[in-house]
Amino acid sequence: MPHSQTSAPRDGFPRGRLARGASPWLLPTVATAAISLARARRSRRAAVIAVPATALAAGMLWFFRDPEREIARGRVISPADGVVQSIMPWKDGRTRVAIFMSPLNVHVNRAPLAGTVTSVEHIPGGFVPAFNKESENNERVVWHFDTELGDIEMVQIAGAVARRIVPYIPEGTKVEQGDRIGLIRFGSRVDIYLPEGVEVAVEVGQTTTAGVTRIDRD
């Protein structure tokens, strides 16, 4: 579908880009590493600090990576990198697919279908581990997309470490399948609700890749 002026950014960015929303975490760690390395030859204390500071900066760079993806074809694609934690029939006929993201996964989430964002709602809550059943009451952002399959709900859920969800686009934005739509900092979970009659193609324990793994079956 063609983009309007309110469309989400496409994937035409240089390879090796970092996720939007990373600056508050990344800049202080990189600055500390750079300063301690510069002073390491003249200060024993700086040399001691330089090792963990550099390791932390490298870890942050790895965590906030945002690689390019060749977007797959299919009606519904995975919004997140991670592992399928559960597949649960819902009372209204929909099926919830929950994807757990560890700190090692890419944490930029993508639009599962093309359509229009009809709602982006932030809901305050707790911060229990994302693999815990009680995480359904965690801090979260609930998305609704108007798509060719009707209303599609997607939920970004913060975890024990992830205390910040960063939506990239507002309500009313038209997106194409696979567009970047937001970031969850550190370990967390993403749920997607498939409409009644749509068969799930993934299994519990299966690894998913955002924009690549197909969630539904023909």
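Phe 145 is buried (under 20% relative accessible area, with over 50% called exposed and the range in between partly exposed, using a 1.4 Å probe and protein chains only), at a relative accessible area of 0%. This is a predicted model, where local features need pLDDT of at least 70, side-chain atom pairs count only at pLDDT 80 or more, and totals for chains, interfaces and linings use all residues. Residues are numbered from 1 along each chain as its sequence is written, and side-chain values use heavy atoms, leaving out hydrogens and water.

**The core**
- The largest nonpolar core (buried Ala, Val, Leu, Ile, Met, Phe, Trp, Tyr and Cys joined through side-chain atoms within 4.5 Å) has 34 residues, and Val 97, Trp 143, Phe 145, Ile 181 and Leu 194 touch the most other members.
- At least two core residues come from each of β2 (95-101), β5 (140-147), β6 (150-158), β7 (165-167), β9 (180-184) and β10 (188-194); strands here are DSSP runs (E, at least two residues), numbered from the N terminus.
- Leaving aside residues up to four places away in sequence, Ile 181 has contacts (heavy atoms within 4.5 Å) that include Trp 143, Phe 145, Met 154 and Val 166.

**Aromatic pairs**
- There are two aromatic pairs, counting Phe, Tyr and Trp (six-membered ring) with centres within 6.5 Å; planes under 30 degrees apart are stacked, over 60 edge-to-face, the rest tilted.
- Trp 90 and Tyr 193 sit 5.5 Å apart by ring centres with planes at 75°, so they pair edge-to-face.
- That pair bridges 103 residues, from Trp 90 in the loop between β1 (82-89) and β2 to Tyr 193 in strand β10.
- Trp 90 is partly exposed at 30%, while Tyr 193 is buried at 7%.
- Trp 143 and Phe 145 are stacked, 6.0 Å centre to centre with 5° between planes, and Trp 143 is buried at 0%.

Notes. Helices (H or I, at least four residues) and strands (E, at least two) are DSSP runs, numbered from the N terminus.
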